[in-house]
Structures are given as structure tokens and as C-alpha cells.
Amino acid sequence: MPLPHVLLSAAVSLDGYLDDTGPERLLLSGPADFERVDEVRASVDAILVGAGTVRADNPRLLVNSAERRAARVAAGQAEYPLKVTVSATGELDPAARFWHTGGDKVLVTTEDGARRARALGIAAGIVPLGNVLDWRAALEYLHDRRGVRRLMVEGGGSVHTQLLQQELADELQLVLAPLFVGDPAAPRLFGPGAYQGGRLRLVESRRIEDVVLMRYRPTAPGVGERVAAADRHWLALACELAELCPPSETAFSVGAVVVAGDGSELARGYSREGNDPRVHAEEAALAKVGPDDVRLAGATVYSSLEPCARRASRPAPCARLILDAGVRRVVTAWREPDTFVPGADGSGVLAGGGAAVVVLDEYEDRAKAPNRHLEG
Ligand SMILES: NC(=O)c1ccc[n+]([C@@H]2O[C@H](COP(=O)([O-])OP(=O)(O)OC[C@H]3O[C@@H](n4cnc5c(N)ncnc54)[C@H](OP(=O)(O)O)[C@@H]3O)[C@@H](O)[C@H]2O)c1
Ligand SMILES: [Zn+2]
């Protein structure tokens, strides 16, 4: 059964707390990180929080940027991501902002919880999934019935802990804030229990004002997907192509290969190929494949750098070009750093369009090699 890509997002204090015990929500990060969160929200189909967070924080969970909402609408998505909360008891305040802001809302609950929520007059789709809430069933419901391909989970600790322990999380975006809470009664991000899989894989760390964003993959690359020897072969070729790029001080050197489902190469390209100072690798490669080529639907784009999510030099970024070409699988070596476009999330755009994205970061050093002069 396919499940949504589940992205856990949280901010914690240096001593691992999500909040303090005061009545006001503790502000852990600053404006630049809120902007980043807004961008991640805009890239997902749904945002989920536990009932505890609805009760404690009374959050709106909106995409605040009008531009990002307009871009969603232009791409055929709902203006706001679906809002989802989970509760066993159904004991929620019908006046909470969660129900009265943004777009569609769903309460995923138990039979008892559904009765209680209906009695309280909760204004949302109320979905009972049996007598106890099974996370896998909840995710299947969101995927199959609500079309959720990419789900952002914004807490709280109880929900994050369960999803991680049940190996249902595909990604963890953790912001570490430089302050202490120091109150053992405050909520922690992760509670006790059995965590599977040992060490997480750190795929990115980034300074944002005075906080640090860390992105982890809790499980093996491409959860549920075997990374075949062929993927390594083609990604290595993409890294070699990146070496052919005419050097630039203002753009990355990237290589890309488009490979059909039967393993045959359809096209290859690299940045600034043919002396076009603005052409990107994926764009150069896709331009060599006929737009009506039916093999694109089963093809994979291998790109040494994550396809771009935004660019000034062309109307459509590469993530969009890939989706528009009908390609639904991308393998890359290196998540785009903040060098030129802060907070770029090409993988988010791709996943939001239904494409699988596999990051093989053992090739990251090779992908970076022709870009050393851009660092620091
Ligand atoms: N710093 C951050 O990034 C961040 C983000 C979000 C939240 N927070 C903080 O986290 C705290 C809230 O965390 P929390 O752990 O108490 O609450 P939570 O995880 O938001 O919600 C827990 C509630 O969700 C429902 N739930 C969870 N798992 C369930 C399951 N398997 N089946 C049915 N229902 C289930 C239950 O609701 P019922 O009780 O209704 O049955 C449970 O009480 C707040 O202080 C908030 O400020 C911080
Ligand atoms: Zn690009």
C-alpha cells in the first residue's frame, strides 16, 4: 500500500523540549525560519498535528505567503494544504482556530471520538477509523481518499514519537534553538519507547539566523525502494557530466541524464551546455527528448544536484520541467545548498507533484567537486 511521504517538522530547545509550561507558546525560532516553514507548508498536500497541539497552541497552520498560495492554485492545487488532526477522545474546542482558518480540515479519530466531536459541533470532515487509531490506516486513508502524497507533521511530541517509532516517517526537519527550558514538566520532542533503525542519516545542516536546521532520513535512502546498481551507475555519470560545465561564479555545475524505464539512455546534459550561459543540466537533457516521447512517464532523471525549485533566469524551474515532462522519479546526489536560492526545496516540489525523489548522498562529494570554488 503506498503511503504519503511523511515529513516530521519540529523546533526544540537545546535541552530537547518543544515548549515550556507557560500559557503562551514558546517561540523557538525566528522570522527566517518561519519563512522556511511557510515554504515547506506550501509544498505539501496536508499538514497534520495532534489534538494536544490544537489544544495547547490553538494554531492556524496556514500558508501565509499570498504568492505561495497563488503558485499552488496556478499548479492546480488547493490554495491551502488540507489540515488534519488526530484525536482518540474527540475532545476538541469547536471554536479553535484550526477549524475556522485555511482550507479543508479533517479529524481522524475513533468511533467514540467521532461521536464526541459531532456532539461538540466540530466543523470538519470527521473520519472514524475503528476503536483505536492505527497510524498506518490513517496514512492510507489520507493517501487513498484524500490524495495526500506529501504530508507535513508539525507535532506535537506524542505524534512525532509514534510516527518515528513505527517507522512511518520519511524525513525529519529539526530546528535546534539556542535556549534552555529546564522544566521536566515541559513537553519533550521524542518520548521513551523503541526506536528502530539505529542512527539516522544526516542529509543537511543549515544555519538560519541563530537556529540550526538539521534534516535527517530516519530510514534507508528511498524508503520502500531498492536502490539498484543501475541508479549508482547513472548518478555517477551525471556527476561526470558536471565536470564538463564551463565554470561559473554565479551558478552550479551540474550534470543530468534521462533514463527510460527499460534502462536505455534518452538524453544527457550539463549546465551551460552549448555556450548558453543560463541553461541548467536537467533542462538541457530534457530538451533533447521529444515532449511526446511516451517513455518519459517511466523515466528517471539523474541529476548531480537536486533540481531547482525557483530560478530567475527562466519561467519554470527544473523541478517543474521534470514534472511537466511527465517524469515521476528523480535520483540526485546533493540537496541544493543556500548558495544562490535560500530555502530551495526542489525535492518538495517534485514530491508535491507525485514524483519519487531518491538522494544517494554517497555521491555528494563527487557532485560537489566541480563546485568547490563556490564554497565559503
Ligand atoms: N516546538 C514545536 O515545533 C512544536 C510543534 C507542535 C507542538 N508543540 C508543543 O507540543 C505540545 C503538545 O504535544 P503533545 O505530545 O502533548 O500533543 P500532540 O502530539 O500534539 O497530540 C497528542 C494527542 O493526539 C491524539 N493522538 C496522538 N496519538 C494518537 C493515537 N495513536 N490515536 C488517537 N489519538 C492520538 C491524542 O488526542 P486526544 O487526547 O484528543 O485523544 C493525544 O492526546 C504543546 O506544548 C505544543 O506547544 C511544539
Ligand atoms: Zn535547474
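**Exercise 1.** State which atoms coordinate the zinc ion (ligand 2) and how their residues are placed along the chain.

*Solution.* The zinc ion (ligand 2) is held by His280 through ND1, Cys308 through SG and Cys318 through SG, at 2.0 to 2.3 Å. Donors here are N, O and S atoms within 2.8 Å of the metal (3.2 Å for Na, K and Ca); water is not among the atoms, so sites may look incomplete. Along the chain the donor spacing reads H-x27-C-x9-C. Cys308 lies in the loop between strand S12 (300-305) and helix H10 (318-324), and Cys318, 10 residues apart from Cys308, lies in helix H10. Helices (H or I, at least four residues) and strands (E, at least two) are DSSP runs numbered from the N terminus.

This is a predicted model, in which local features need pLDDT of at least 70 and side-chain atom pairs pLDDT 80 or more, while totals for chains, interfaces and linings use all residues. Residues are numbered from 1 along each chain as written, chains are lettered from A and ligands numbered from 1 in written order, and side-chain values use heavy atoms, without hydrogens and water.

**Exercise 2.** Describe how strands S4 and S5 are connected.

*Solution.* S4 (residues 105-109) and S5 (residues 125-128) run parallel and are joined by four bridges; pairing requires at least two DSSP bridges. Val106 has Gly125 as its bridge partner in S5.

**Exercise 3.** Find the polar backbone contacts of Ala88 and Gly157 with ligand 1.

*Solution.* A polar backbone atom of Ala88 is 2.7 Å from an oxygen atom of ligand 1. For Gly157 the corresponding distance is 3.3 Å.

Methods:
A polar contact is a pair of N or O atoms within 3.5 Å; within protein, one must be able to donate a hydrogen and the other to accept it, and residues adjacent in sequence count only if both atoms are side-chain atoms.
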